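Me: Hi! Could you walk me through a protein model? I'm new to this.

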Amino acid sequence: MTELLTFPAASAMLLEPRLPPLAPTSLSRPFVTLTFATSLDSSLSLAPGVRTRLSGPGSKAMTHYLRSRHAAILIGVSTLLADSPALNCRIAGAASQPRPVIVDPHLRWTPDPADKVLELARLGHGLAPFVLTGVDTHALPAASVALLEQHGGKYISLAATSSAPPCGSGRMRFDWHLVFDVLFREGLSSIMVEGGGQIINSLLDRAFHALVDSIIVTIAPTWLGQGGVVVSPRRLQDSAGIPIPVARLSDVSWHPFGEDVVLCGKLHP
């Protein structure tokens, strides 16, 4: 079994104002935390599809503590295919495991019993994923549906739109309002969005700022260089065509964890 992690209580207290409330609330949507690790040049990885470790031991333990405080972990399918992540919580004493949620509009992932996320579900060390897809329920591959359901996961078909330049080239996209509404109705009251680049950049679009309650960014003391997967939302312009900032954090705090620094904040209205 993989070694369990510990996170100091004093460090946990520093993060408490940034986390979903422990008591039930009257919110009609999930509490959403956007969190990721980045280099000094805002890169998530060296290149698309290349697994790149950025977090040190302290911030890695912090990430697993964050997972222990959320009902779900959400990632895009590109991250799943590149990293084959476990998507579970390894904090010692965690009361429950978060539900992995995979955004996979075109069904690029074909589940396999050897996939780490399914292996851990069989062992009772994690949960099987919910897969959000734009493929109609009746067109889903029967073998994949059966395999997910055997492990306790499932597909959820959502209405999708096709992206157009400059956002993309005809690929299906989901409206985040719809995504979080559907997940909330599935009983997931808090969601930790971990990546990858397309997911993060799309959530940083101004249209979705009101859906994000907390941002927690681990900054590693390294430059990855040009050509990486970069956190950089689509540029905005004012009515005169002059570029303007896309987003800014407020209520900011900085916390060192080992050699990394963790930035916490909220999206400024």
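Reply: Happy to, so here is a short chat about a few spots in this model.
This is a predicted model, where local features need pLDDT of at least 70, side-chain atom pairs count only at pLDDT 80 or more, and totals for chains, interfaces and linings use all residues. Residues are numbered from 1 along each chain as its sequence is written, and side-chain values use heavy atoms, leaving out hydrogens and water.

Me: Cool. Where is Asp 213?
Reply: Asp 213 sits in the loop between α7 (197-203) and β10 (214-219); helices (H or I, at least four residues) and strands (E, at least two) are DSSP runs, numbered from the N terminus.

Me: Is Asp 213 buried or exposed?
Reply: Asp 213 counts as buried because its relative accessibility is 19%. Buried means under 20% relative accessible area, exposed over 50%, and partly exposed in between (1.4 Å probe, protein chains only).

Me: And which side chain does Asp 213 have a polar contact with?
Reply: The side chain of Arg 29, at 2.9 Å. A polar contact is a pair of N or O atoms within 3.5 Å; within protein, one must be able to donate a hydrogen and the other to accept it, and residues adjacent in sequence count only if both atoms are side-chain atoms. A polar atom of the Asp 213 side chain also lies 2.8 Å from the backbone nitrogen of Val 32.

Me: New topic: what kind of peptide bond joins Gly 195 and Gly 196?
Reply: A cis one, with omega about 5 degrees. Most peptide bonds are trans.

Me: What about the phi of Leu 107?
Reply: Leu 107 is not a glycine, yet its phi is positive, about 55 degrees.
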